2 protein chains.
Amino acid sequence: MAQGIMDERKRRILKVITDDYIASAEPVGSRTIARKYDLGLSPATIRNEMADLEEEGYLEQPHTSAGRIPSHRGYRYYVNELMERRRLQPEEIERIVKGMSARKRAIDHLIHQAARVLAQFTHYPSLILAPDKQHAVIKHVRLVRLGERSVLLLFVTNTGQVESKVIDCYPDLNDFDLDNLSGLLNMRLCNRPVVEIKTTMEKELGPELRCPPELFRRTLEALLEAVRNDTIEQVITDGTAQILDQPEFAERERFRPLLDLFEEEQALYRLLTENAGPGKVRVTIGEENKEEAVRNCSVVTATYEAGPRAVGIIGVLGPTRMDYAKVLATVEFMASHLSRLLGELTGN
Amino acid sequence: MAQGIMDERKRRILKVITDDYIASAEPVGSRTIARKYDLGLSPATIRNEMADLEEEGYLEQPHTSAGRIPSHRGYRYYVNELMERRRLQPEEIERIVKGMSARKRAIDHLIHQAARVLAQFTHYPSLILAPDKQHAVIKHVRLVRLGERSVLLLFVTNTGQVESKVIDCYPDLNDFDLDNLSGLLNMRLCNRPVVEIKTTMEKELGPELRCPPELFRRTLEALLEAVRNDTIEQVITDGTAQILDQPEFAERERFRPLLDLFEEEQALYRLLTENAGPGKVRVTIGEENKEEAVRNCSVVTATYEAGPRAVGIIGVLGPTRMDYAKVLATVEFMASHLSRLLGELTGN
DNA sequence: CATTAGCACTCTCAATATGAGAGTGCTAAC
DNA sequence: GTTAGCACTCTCATATTGAGAGTGCTAATG
């Protein structure tokens with residue numbers, strides 16, 4: 001891994017190889033390049049350059065006498081320096097916008113829809129992390145009696161998310177106490193961010209409360225639990241089967257770990273959060289991933305906003321040999337479009 | 001397909017073949033049977049009987065000189081007449097009950113959990129249709145303002161399900177009108193079944209209403225839409241990747257249609273509702289299925305109850321060569337266990 | 001001195017042949 | 001009616017082969 005002196009010619013060759021491999025999924029040889037791309041070089045020269053690029057760690061060979069394919073390092077260099085960034089074409093944008101439909105919808109619907117559109121458009125599986133609830137603002141809290149021994153706690157945030165939790169309660173709880181607490185909760189918690197629930201409840205609400213402390217304790221517990229990150233449906237996926245269309249996942253041993261991964265929400269959560277950061281779109285390539293199952297995949301993520309401080313993450317998972325230019329442009333656009341739609345929803 | 005005169009010996013042979021094939025996934029030959037099962041018959045005799053069974057349509061041969069495998073008709077006969085029905089063992093029951101955890105939870109959690117347990121226990125993908133909301137009883141209705149131009153309509157049913165829908169409204173809607181309508185809705189709709197929403201709103205509520213008719217119209221629309229069957233998350237699946245462990249789905253062309261099916265909620269819905277009926281557990285075998293993609297699969301379903309008239313369906317999808325005895329017992333038990341848990345939840 | 005033509009060599013992949021194994025159907029004997 | 005025996009069929013795993021693609025090296029070339 002000598003540090004490469006990347007002259008222009010080497011860069012061109014690396015770019016051409018990567019482009020070609022992304023399109024064809026076949027190792028690409030010197031002959032092919034010389035014929036297909038007009039570099040004004042003979043195969044032999046290209047071979048020499050390719051040998052250099054391999055030594056410097058940008059290319060690798062599946063076996064002697066196959067063509068070369070980009071290494072992870074090669075992809076990284078390609079993404080950072082070589083690739084032609086592009087914007088989506090107007091007609092592509094239209095397709096996406098239409099797919100998201102004009103109809104105003106609850107945030108959950110929007111997210112599901114976004115996942116679907118993203119997967120269909122890129123032909124790779126999509127992942128979406130629902131907006132972080134910690135800074136969403138509570139708009140409504142309510143305790144609803146379901147049966148003799150159970151009460152449903154529900155609250156709504158300004159992002160249109162509804163969370164609920166069942167509270168198991170003793171049988172002689174009377175409706176008066178319940179309504180009392182319910183009203184009080186609503187009054188105190190409304191228009192406050194989720195993250196302040198605990199302090200608000202303990203400091204302001206505790207003292208002036210008349211209801212049985214047991215009920216209060218359980219309600220607080222339920223609230224906190226509902227807010228915690230382990231609620232269901234946090235990561236939405238779509239198009240998972242599309243990964244099977246990629247030739248690199250033709251054999252069972254290849255795709256099986258991935259499909260298993262898609263059923264494990266915790267792992268998906270890590271995948272999205274580890275890579276993402278605020279700001280623009282990010283790419284994590286192959287071995288850069290911490291998750292074992294996804295070592296020969298790349299993840300492209302971007303954050304979207306659902307209110308002042310509430311952010312979520314959208315992402316696309318594909319083979320390292322992914323059409324980065326297209327996916328980057330799409331993820332970027334989708335993130336901003338989703339932010340816009342959610343902004344309209346919450347009226348900001 | 002002459003109508004078979006099924007004497008006892010033929011029945012025994014058919015049963016043994018089916019049992020063996022279910023366990024081994026290999027076509028079973030006369031020799032194997034004679035050796036492995038103590039029928040007191042020579043291979044040649046068994047061959048003759050097998051030839052008869054084939055002619056009568058209970059068995060088929062993948063190709064000359066392979067063993068026989070049960071036809072769909074054979075499986076049907078096996079399930080109806082031959083199979084030894086069994087109950088789950090106490091330790092199996094314990095595993096399931098534990099998997100469902102003692103903690104009281106919202107219905108959505110319960111359903112997800114049930115799907116997971118069912119899939120892990122049977123080693124086949126599981127499907128669950130959330131309870132039919134049409135006869136659930138409304139426990140709470142509320143309009144919550146989210147932003148300047150959007151209002152969230154939400155309602156809770158006695159089964160602990162929370163439905164919500166965003167209503168797009170004109171900017172000058174005042175909070176007074178909103179609260180007014182919200183309170184009125186709650187008063188009138190509470191403790192009524194979902195199915196009566198429309199008539200109630202039109203007949204009782206329309207006249208005495210003071211709020212702008214436009215808002216009223218949109219709210220009604222949103223309510224009806226929220227209640228309709230096309231809400232998201234209706235069919236929950238789990239363990240879809242497990243189908244890949246079955247040897248019959250080793251090749252891509254075999255499993256691909258199935259994985260696609262799992263991403264199409266409409267199709268899953270049809271799959272569950274077409275086969276299920278009230279009462280006990282049901283089996284649909286291979287070609288009996290209407291859905292093209294599951295023609296070499298069997299579906300075992302059972303209904304569960306989530307309140308007086310609210311029913312849902314749980315099911316397991318596997319290859320026709322499925323361990324019917326185990327799956328039937330499991331699905332049956334899970335349905336009743338889920339009914340019990342939901343009963344506790346709603347206090348009935 | 002960088003570039004290129006030529007060539008021997010390597011590795012994969014698809015096509016083909018081969019033989020063992022399992023199972024059948026039929027006939028004739030019990 | 002049951003079964004032993006046998007010829008026949010079909011699959012599957014394994015080995016063989018040759019074409020094709022690509023490389024690395026060397027020597028010739030401008």
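1. Let me start with a working rule: a charge is said to sit over a ring if NZ of Lys or CZ of Arg is within 6 Å of the ring centre and within 35 degrees of the ring normal. B:Lys326 is a case in point, lying over the face of B:Phe121 at 4.8 Å from the ring centre. Chain A has a case with an arginine: the charged end of A:Arg73 sits over the ring of A:Tyr58, 4.7 Å from its centre. Please keep in mind throughout that this is a predicted model.

2. Now to DNA strand C. There are 19 residues around this strand, and the ones that come nearest are A:Arg9, A:Thr45, A:Ser65, B:Ser30 and B:Met50. Look at which part of the strand the protein meets: of the strand C atoms within 4 Å of the protein, 72% belong to sugar or phosphate, and the rest to bases. By class, the protein surface here has 12 polar, 4 charged and 3 nonpolar residues.

3. Which elements each supply at least two residues of the surface near DNA strand C? They are helix H3 (43-55) of chain A, plus helix H2 (30-36) and helix H3 (43-55) of chain B. H3(A) gives the most, with 4 residues.

4. Some individual contacts to strand C are worth pulling up on screen. The side chain of A:Arg9 has an N or O atom 2.7 Å from a phosphate oxygen of DNA strand C. A:Ser42 uses its backbone instead, with a polar atom 3.3 Å from a phosphate oxygen of the strand. At A:Thr64 a polar backbone atom is 3.4 Å from a sugar or linking oxygen of DNA strand C.

5. On to DNA strand D. This strand is surrounded by 19 residues, and the closest are A:Ser30, A:Met50, B:Arg9, B:Thr45 and B:Ser65. Sugar or phosphate accounts for 73% of the strand D atoms within 4 Å of the protein, with bases making up the rest. The surface residues divide into 3 nonpolar, 12 polar and 4 charged.

6. For contacts to strand D, try B:Arg9, where a polar side-chain atom lies 2.9 Å from a phosphate oxygen. The side chain of A:Thr32 has an N or O atom 3.4 Å from a phosphate oxygen of DNA strand D. A:Ala66 contributes a backbone N or O atom, 3.5 Å from a sugar or linking oxygen of the strand. Two or more residues of the surface near strand D come from each of helix H2 (30-36) and H3 of chain A, and H3 of chain B. H3(B) has the largest share, 4 residues.

7. B:Arg9 deserves a second look. Besides its phosphate contact, B:Arg9 forms a salt bridge with B:Glu49, the closest N and O atoms being 2.7 Å apart. The pair links helix H1 (residues 8-24) of chain B, home of B:Arg9, to helix H3 of chain B, home of B:Glu49, with the two positions 40 residues apart in sequence numbering. B:Arg9 is partly exposed at 33% relative accessibility, whereas B:Glu49 is buried at 7%.

8. Salt bridges come to 38 over all chains. One of them joins A:Glu288 and A:Arg76, with the closest N and O atoms 2.6 Å apart. A:Glu288 lies in the loop between strand E8 (282-285) and strand E9 (297-305) of chain A, and A:Arg76 in helix H4 of that chain, so this pair ties together parts 212 residues apart in sequence. A:Glu288 is partly exposed at 37% relative accessible area, and A:Arg76 is partly exposed too, at 22%.

9. Another salt bridge brings A:Arg116 and A:Asp238 together at 2.9 Å, N to O. Here helix H6 (residues 107-122) of chain A is linked to strand E7 (residues 235-238) of chain A, the two residues being 122 apart. A:Arg116 counts as partly exposed at 34% relative accessibility, but A:Asp238 counts as buried at 12%.

10. Last, the aromatics: there are 5 aromatic pairs over all chains. A:Tyr75 and A:Tyr324 form a tilted pair, 5.9 Å centre to centre with 55° between the planes. Since A:Tyr75 is in helix H4 (residues 72-82) and A:Tyr324 in helix H12 (residues 324-346) of chain A, the pair ties together parts 249 residues apart in sequence. Both tyrosines, A:Tyr75 and A:Tyr324, are buried. The rings of A:Phe255 and B:Phe255 are 5.4 Å apart at their centres with planes at 50°, so this pair is tilted. The phenylalanine pair crosses between chains, from helix H10 (residues 252-261) of chain A to helix H10 (residues 252-262) of chain B. A:Phe255 and B:Phe255 are both buried.

Note on methods
Residues numbered from 1 in each chain as written. Chains lettered and ligands numbered in written order. Predicted model: local features only at pLDDT ≥ 70, side-chain atom pairs only at ≥ 80, totals over all residues. Heavy atoms only, no water. Near = heavy atom within 4 Å. Polar contact = N/O pair within 3.5 Å; in protein donor to acceptor, adjacent residues only side chain to side chain. Nonpolar A, V, L, I, M, F, W, Y, C, P; charged D, E, K, R; others polar. Phe/Tyr/Trp six-rings, centres within 6.5 Å; stacked < 30°, edge-to-face > 60°. Buried < 20%, exposed > 50% of the residue type's maximum accessible area, 1.4 Å probe, protein only. Salt bridge = Lys/Arg side-chain N within 4 Å of Asp/Glu carboxyl O.
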